[in-house]
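Student: Could you take me through one charged residue in this model, up close, and then show me how charge pairing looks elsewhere in the chain?

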Amino acid sequence: MQTFTEVPELSLRDFTHGDAAARADFVAALYEGFRYFGFIILRDHGISEDLLDRAYIASAEFFSQPMEEKMRCDSGLGGQRGYTRTGREQAVGGKAPDLKEFWHIGQEPAEYSDMRGVYQPNFWPDHPENFKEVFLTLYKALEEAGQVMLEALAPSLEVDTEYFRAMTFEGNSILRLLHYPPVPDDADPDAVRAAAHEDINLITILVAASSSGLELLDRNGEWLPVEGSKNALIVDAGDMLARITNNHIPATTHRVVNPDGPNVSRYSMPFFLHPRPEAQLSCLPQFRDGNEMPDITADEFLQQRLEAIGLKK
């Protein structure tokens with residue numbers, strides 16, 4: 001097994017605007033990064049610095065509000081829209097709930113779409129005033145970036161370039177605004193900001209966080225810090241991609257550790273790219289070996305995992 005010392009960094013512009021050689025190099029590097037490392041860092045992704053700055057400001061403003069104000073948009077059972085307080089989510093096999101609170105924004109289908117009425121409506125807080133505009137814009141930008149990356153991955157998986165775009169068109173993707181408060185003095189000694197876990201979805205696109213703490217478990221069983229520049233996107237493979245490739249691209253275990261230095265808040269914004277609910281998570285024929293997982297719809301798989309992490313009873 002190859003030993004890696006740092007997460008590979010790629011330029012999405014090489015794929016979207018490069019010549020044939022640059023596109024081919026990007027396709028090969030993306031596949032290698034996912035196959036043997038599980039994470040990549042993406043620059044030149046086209047999402048403006050101004051939008052990312054406004055998103056972090058709006059997120060911090062929301063989480064700074066009193067608890068009673070945040071709970072007005074409580075996510076309730078399922079946790080798929082609105083606010084979820086600290087202590088609700090716990091990693092599968094974790095010893096204590098994670099030390100984080102978060103807000104979920106989901107798909108808003110077009111007026112003519114057959115998906116209208118399928119998804120739970122989004123909640124929108126009264127403050128900050130630009131919250132809805134900022135995060136719907138960011139949602140669509142991250143969704144497009146994710147679909148382009150899956151398009152680039154398609155040749156390596158021997159599927160049509162439109163395979164993943166069709167699967168994820170108006171999919172059940174989630175933008176999560178995360179706030180890790182300062183770790184309280186009386187915190188459970190087993191509690192961490194985010195215990196070791198794998199993501200549920202196809203891929204996760206993470207806007208580089210406000211401070212360090214993200215670590216991945218590499219293929220050699222070593223924990224490795226993941227650091228991206230301010231405006232980079234950090235991308236990792238999830239369980240749904242692992243399932244349809246029969247673990248040819250494994251889901252990557254990662255965590256967010258408690259701070260070694262100043263005990264201050266940490267903010268991050270992962271975008272979980274999901275298929276449409278009815279999409280079949282069927283192992284691709286080229287990866288079948290008799291040990292593949294049985295077919296299941298994306299929604300059935302999601303509901304199982306939400307129950308396992310405590311967001312659904």
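Tutor: Here's a walk from one arginine out to the salt bridges and then to the whole chain. Keep in mind that this is a predicted model.

Let's start at Arg81, which sits in the loop between α4 (67-70) and β3 (82-84). Is there a salt bridge for this buried residue, or none? None: Arg81 is buried yet has no salt bridge, and the nearest side chain of opposite charge, Glu108, is 7.1 Å away. A salt bridge here needs a side-chain nitrogen of Lys or Arg within 4 Å of a carboxyl oxygen of Asp or Glu, so the 7.1 Å to Glu108 doesn't make the cut.

So what does the side chain of Arg81 reach instead? One partner is backbone: the oxygen of Gln120, at 2.9 Å. Another is a side chain, that of Asn122, with a polar contact at 3.4 Å. Both of those residues also turn up among the ones Arg81 touches once you leave out residues up to four places away in sequence. That list runs through Tyr119, Gln120, Pro121, Asn122 and Phe123, and it also takes in His104, Gly106 and Gln107. Ser75 is on it too, as are Asn172 and Ile174.

Now for charges that do find a partner. Side chains of opposite charge can pair when their charged atoms come close. A search of the whole structure turns up 16 salt bridges. Take Glu9 and Arg43, whose side chains meet at 3.1 Å, N to O. Glu9 belongs to strand β1 (residues 9-11) and Arg43 to strand β2 (residues 39-43), so this pair ties together parts that are 34 residues apart in sequence. Glu9 is partly exposed, with a relative accessible area of 43%, and Arg43 is partly exposed as well, at 36%. The pair isn't on its own either: Glu9, Arg43 and Asp44 are linked in a network of salt bridges.

Lys140 and Glu143 give you a pair within a helix. Their side chains meet at 3.3 Å, N to O, and being three residues apart in helix α5 (residues 131-153), they are separated by about one helical turn. The two ends differ in burial: Lys140 is partly exposed at 42% relative accessible area, whereas Glu143 is buried at 6%.

One more for the collection is Glu292 with Arg288, a salt bridge at 3.2 Å, N to O. Glu292 has 22% relative accessibility and counts as partly exposed; Arg288 comes in at 41%, also partly exposed.

Stepping back to the whole chain, you've got eight helices and 12 strands. With 313 residues, a compact globule would have a radius of gyration near 20 Å, and the chain's 19 Å agrees with that. Its C-alpha atoms fill a box of roughly 50 × 50 × 40 Å along the principal axes. Buried residues make up 52% of the 313, and Arg81 is one of the buried ones. Among contacts between residues at least 6 apart in sequence, 77% join residues at least 24 apart. As for the outside, the accessible surface comes to about 13,900 Å², and 50% of that belongs to carbon and sulfur atoms.

Methods. Residues numbered from 1 in each chain as written. Predicted model: local features only at pLDDT ≥ 70, side-chain atom pairs only at ≥ 80, totals over all residues. Heavy atoms only, no water. Helix = DSSP H or I, 4+ residues; strand = E, 2+ residues; numbered from the N terminus. Buried < 20%, exposed > 50% of the residue type's maximum accessible area, 1.4 Å probe, protein only. Lys, Arg positive; Asp, Glu negative; His and termini not counted. Polar contact = N/O pair within 3.5 Å; in protein donor to acceptor, adjacent residues only side chain to side chain. Contact = heavy atoms within 4.5 Å. Rg over C-alpha atoms; globule rule 2.2 N^0.38 Å. Areas by Shrake-Rupley, 256 points an atom, 1.4 Å probe, with all protein chains shown as cover.
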